[in-house]
Amino acid sequence: MASPARLTVDLNALARNFHALAAAAGAPVHPVVKADSYGLGAAACARRLAAEGAQTFFVARAAEGAALRAALGAEPTIYVLDGCVAGTERALIASNLRPVLNHGGQLAAWRAAGGGACGLQVDTGMNRLGFRPEDAPAPFDGLALVLSHLACADDPAEPMNRRQRDAFAAVAQRYPGAVRSFANSGGCFLGSDYAFDAVRPGVCLYGGGPEGRPDPRIGAVATLSADILQVRDVPVGETVGYSRGFQAETPHRIATCATGYADGVLRSYSGRGAGLVWVAGELRPILGRVSMDVCAVDVSGLDVAIGDTVELFGANRMLDDAAAAAGTIAYELLTSVTARVPRVYVG
């Protein structure tokens with residue numbers, strides 16, 4: 001049954017971003033497909049990326065890894081960033097998944113379970129996951145990858161980038177033969193000395209800019225769109241939506257669109273004035289509060305009708321701009337699109 005809201009995923013654009021990131025970094029791209037490829041659908045996205053040459057993938061959770069293994073088959077390498085959370089060792093082994101070990105307890109558990117190849121994360125200043133450099137273990141059998149994670153890669157001028165890079169280089173040399181991976185999406189554009197042996201981009205694959213704003217090197221992949229359900233005139237003095245969120249000081253024509261916060265259109269768009277959508281060739285504001293299932297858009301002076309489409313983000317309303325208008329980042333905007341919205345794949 002057709003849905004009045006949809007998330008269209010352009011797999012050709014995804015492929016172009018993959019190759020653009022490889023060219024920028026000068027290193028192989030190991031895609032991050034955690035959180036269901038940031039909400040776009042990991043199975044479809046990873047299959048296309050594998051067809052473009054990707055051989056190694058990263059997920060966050062063991063269950064994500066098992067689902068990806070079922071989608072991709074036996075050949076690709078899949079790393080689980082959580083590591084071997086207690087009780088998952090056997091499941092990881094059964095699905096041929098490689099944990100990224102983050103502390104001594106995980107290392108001991110993986111060894112005790114008879115685990116094979118794995119990765120090792122070193123915390124170079126983010127204080128999130130990983131061994132501190134001074135606590136990093138001695139080389140051990142099965143170690144195939146050593147990685148760290150940039151905290152400020154979206155700001156190329158941030159001195160912490162260089163400090164982290166140098167700290168990683170120092171500790172990674174303890175593990176000859178292990179693949180070294182350091183750069184995330186933003187890190188792909190920081191210079192060749194950040195690339196090491198492989199890079200791990202996420203949001204840039206899916207259309208987010210490396211510095212949290214649109215970037216001509218990265219194309220739009222996801223388009224969130226919705227149909228117009230009704231068009232009406234709002235006279236002067238009348239209000240729109242819950243709690244009288246908008247009051248017309250001049251006559252307005254509004255379109256009620258079939259998408260709301262139950263679909264992932266953040267309620268923070270409400271009343272900000274910057275919550276713009278693309279309709280009939282123009283950017284127009286959302287008026288009043290975003291509701292669970294609908295939102296109202298100002299279409300005064302436009303030739304629109306029931307069944308026409310509005311674009312919440314996509315090629316005409318760039319993902320980073322839409323996120324900024326909602327007071328958030330592209331990562332959250334993508335992963336907020338709910339399961340009620342069907343994913344439609346093109347390309």
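**Figure 1. The sulfur of Cys295 is 4.9 Å from the closest cysteine sulfur, that of Cys257, which is too far for a bond.** The model is a predicted one: local features require pLDDT of at least 70 and side-chain atom pairs pLDDT 80 or more, while totals for chains, interfaces and linings use all residues. Residues are numbered from 1 along each chain as its sequence is written, and side-chain values use heavy atoms, with hydrogens and water left out. Zero disulfides (pairs of cysteine sulfur atoms within 2.5 Å) are found in a search of the whole structure. Cys118 is likewise in no disulfide, the nearest cysteine sulfur being that of Cys84, 8.3 Å away. Cys118 has a relative accessible area of 0% and Cys295 one of 3%. Both cysteines are therefore buried, a term for residues under 20% relative accessible area; exposed means over 50% and partly exposed lies in between, with a 1.4 Å probe and protein chains only.

**Figure 2. Ser185 sits in the loop between strand E7 (179–181) and strand E8 (222–234).** Helices (H or I, at least four residues) and strands (E, at least two) are DSSP runs, numbered from the N terminus. Ser185 counts as buried because its relative accessibility is 3%. A polar atom of the Ser185 side chain lies 3.1 Å from the backbone nitrogen of Cys204. Contacts of Ser185 (heavy atoms within 4.5 Å), leaving aside neighbours within four places in sequence, are with Arg200, Pro201, Gly202, Val203, Cys204 and Pro210.

**Figure 3. The largest pocket holds about 740 Å³ of space.** It is lined by 34 residues, of which Lys34, Tyr38, His149, Asn184 and Tyr331 are the closest to its centre. A pocket is found on a 1 Å grid over the protein atoms alone, as an open set of points with protein on both sides within 12 Å along at least five of seven lines; a cavity is a set where a 1.4 Å probe fits but cannot get out, and lining residues have an atom within 4 Å of a point. Grid points are joined across faces, edges and corners, and a volume is the space filled by probe spheres set on the points. Helix H2 (34–38), helix H8 (319–325) and helix H9 (330–335) each contribute at least two lining residues. H8 gives the largest share, three residues. By type, the lining of the largest pocket divides into 18 nonpolar, nine polar and seven charged residues. Here Ala, Val, Leu, Ile, Met, Phe, Trp, Tyr, Cys and Pro count as nonpolar, Asp, Glu, Lys and Arg as charged, and the others, Gly among them, as polar.

**Figure 4. Ser37 and Tyr38 are found in helix H2.** Most residues other than glycine have a negative phi. Phi of Ser37 is positive, near 55°, and Tyr38 has a positive phi of about 55°. Ser37 counts as buried because its relative accessibility is 0%. Tyr38, with a relative accessible area of 7%, is buried too.

**Figure 5. The structure holds one cavity of 30 Å³ or more.** The largest cavity has a volume of about 50 Å³. Its lining is made of Gln121, Val122, Asp123, Thr124, Met126, Arg128, Leu129, Ser148 and His149. Three of these lining residues are nonpolar, four polar and two charged.

**Figure 6. Asn102 lies in the loop between strand E4 (98–101) and helix H6 (104–112).** Its relative accessibility is 3%, so Asn102 counts as buried. Beyond its neighbours within four places in sequence, Asn102 is in contact with Leu81, Asp82, Gly83, Gln121, Leu129, Gly130 and Phe131. Gln121 and Leu129 also appear among the residues that line the largest cavity.

**Figure 7. Ala5 is placed in strand E1 (residues 5–10).** Ala5 is buried, at a relative accessible area of 2%. Without its neighbours within four places in sequence, the contacts of Ala5 are Ser225, Ala226, Ala258, Thr259, Val341 and Pro342. Asp293 is 288 residues from Ala5 in sequence, and the two are 9.9 Å apart in space, C-alpha to C-alpha.

**Figure 8. Ala42, Ala44, Cys45, Ala46, Arg48 and Leu49 are buried in helix H3 (residues 42–51).** The buried residues of H3 pack against E1, helix H1 (11–25), H2, strand E2 (56–59), helix H4 (62–72) and strand E16 (343–346). Gly53, just after H3, takes a positive phi of about 120°.

Technical notes:
A polar contact is a pair of N or O atoms within 3.5 Å; within protein, one must be able to donate a hydrogen and the other to accept it, and residues adjacent in sequence count only if both atoms are side-chain atoms.
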